[in-house]
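User: Could you take me through the ligand site in this model? I would also like to see how the sheets around it are put together.

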Amino acid sequence: MKKILLIAEHEGGTLKRASLELAGKARAFAGVDGEVTALLFGDAEGCAAQLGGVGVDRAFVAVAADPDRLTGETAAPFVAELVGRLSVDAIVATETPLGHDALARLAACLDTGMATACLDGAFTEEGFSGRRSQYGGNVVVSFALTGTPIVATFRPNAFPVPETTGSLCTVDRIETAPRETRASVAEVIETEAGLQDLAEADRIVAGGRPVGSVEGFGLLAGLAEAIGAQVGASRAAVDAGSISHDHQVGQTGRVVAPKLYIACGISGSIQHIAGIRSAKTVVAINSDPEAPIFSKADFGIVGDLFAVVPALVSILEQRSTNNE
Ligand code: FAD
């Protein structure tokens, strides 16, 4: 029986999928008789209540904290305030810039151990142990945290989204205003309209340098649409101006964990692979049979992407016509 504090994130009042995944896991950490409390920021009272359907017992909303302008520095005092009030066994968040930054500050204040980018975890006799990826995803290490409370962030897509029961939890407001901080958000640049966070995508069709143009990415978008995927890209494609940085996958882009990742004309540099290590199935389409991506792929197609991708789209269209 444990008491867990979950930092949940939302976008314009819609709970992020990764927070729903972690809410289910937090319930499992707490056990049936334990307690899961969530903390959200900004205008989130409606979606905070919905967390009741995935195992959260009660939620707090720091209403004055604007999620768009929130930094780890502004968020951490709210988390610390609740930790002081609730005496929890664990504070967990998704491995996002906010979750990582806020909880690192909190762990330092509490002088306790922290594990980031965890892939799983469980309470044990000694404390809390689990696995996390390290060195850009090149190794997976086992860790054990023995301090109390434990502080940990978890990778998006590490756990399934629990079915909601539809029940609502009670929501309390935290009226405290954010404190003055040394760093502040100077500008908020909107991501492309309609783009789902790649870290949460189930399927991704990604293109590399040879895709070559915005039109080339239009071709990949056709395949993505046919299979309900998001479009990703290598840094070389982004640097060439073929697509915006919002789509970049890799060490300096998004770390993704889809069920299906189709890499079209991507060589498989270590920096790109660092972003896709948690993908369940990787399909590579590349004209060079020696391309490093093939050693990381579950399925490979040696060929020109400008021939293979339209052929795949045509097969998928044919199939959907036959099923109608
Ligand atoms: P290329 O290396 O040019 O490879 C293109 C591939 O397409 C080749 O394998 C080729 O055989 C194949 N090809 C060519 N024509 C066709 C065709 N018609 N059909 C099918 N296949 C074809 N990169 C990232 O992706 N993400 C990052 O986050 C990232 N961060 C970086 C950080 C640092 C500090 C550094 C130094 C580099 C980083 N890079 C990153 C860049 C990385 O090193 C590579 O340069 C980049 O990933 C290469 O992109 P690419 O595979 O699209 O292009």
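Analyst: Happy to: here is the ligand site, followed by the two sheets and two backbone details.

This is a predicted model, in which local features need pLDDT of at least 70 and side-chain atom pairs count only at pLDDT 80 or more, while totals for chains, interfaces and linings use all residues. Residues are numbered from 1 along each chain as its sequence is written, and side-chain values use heavy atoms, with hydrogens and water left out.

Let's start with the ligand. There are 25 residues around the ligand, and R209, S234, T252, S267 and N286 come nearest; a residue is near a molecule if one of its heavy atoms lies within 4 Å of it. By class, the shell holds 6 nonpolar, 15 polar and 4 charged residues. Here Ala, Val, Leu, Ile, Met, Phe, Trp, Tyr, Cys and Pro count as nonpolar, Asp, Glu, Lys and Arg as charged, and the others, Gly among them, as polar.

Several pairs can be picked out with a polar contact in mind, that is, a pair of N or O atoms within 3.5 Å. A polar backbone atom of S267 is 2.7 Å from an oxygen atom of the ligand. In the side chain of N286, an N or O atom is 2.8 Å from a ligand oxygen, and for the side chain of Q248 the corresponding distance is 3.0 Å. On its own the ligand has 980 Å² of accessible area, and the protein covers 73% of that; such areas come from the Shrake-Rupley method with a 1.4 Å probe. Two or more residues of the shell come from each of α6 (235-239) and α7 (270-273). Helices (H or I, at least four residues) and strands (E, at least two) are DSSP runs, numbered from the N terminus.

Now for the sheets. One is an open sheet of 5 strands in the order β13-β12-β14-β15-β16, with parallel pairing; two strands pair if DSSP finds at least two bridges between them. Its edges are β13 (230-233) and β16 (299-302), each pairing on one side only. Neighbouring strands are turned by 20 degrees against each other on average, direction ignored. Strand β15 (281-286) runs parallel to β16, joined by 4 bridges, and V283 stands opposite F299 in β16. Helix α5 (214-227) lies across β12 (203-207), β13 and β14 (260-264), at about 165 degrees to β12. Helix α9 (305-323) packs on the sheet too, touching β14, β15 and β16, and makes about 130 degrees with β15. Contact means heavy atoms within 4.5 Å, and angles run from 0 to 180 degrees between N-to-C directions, with axes fitted to C-alpha atoms, for helices over the stretch in contact.

The other open sheet has 9 strands, ordered β9-β8-β7-β10-β6-β1-β4-β5-β11, with mixed pairing. Its edge strands are β9 (139-145) and β11 (170-174), and the twist averages 30 degrees from one strand to the next. Strand β5 (58-62) pairs with β11 in the parallel sense over 5 bridges, where R58 has T170 as its bridge partner. Helix α3 (72-86) lies across β1 (3-7), β4 (35-41), β5, β6 (90-94) and β11.

Finally, two backbone details. The peptide bond from T148 to P149 is cis, with omega near -5 degrees, and P149 lies in the loop between β9 and β10. S87, in the loop between α3 and β6, has a positive phi near 40 degrees. Most residues other than glycine have a negative phi, and most peptide bonds are trans.

Methods:
A polar contact is a pair of N or O atoms within 3.5 Å; within protein, one must be able to donate a hydrogen and the other to accept it, and residues adjacent in sequence count only if both atoms are side-chain atoms.
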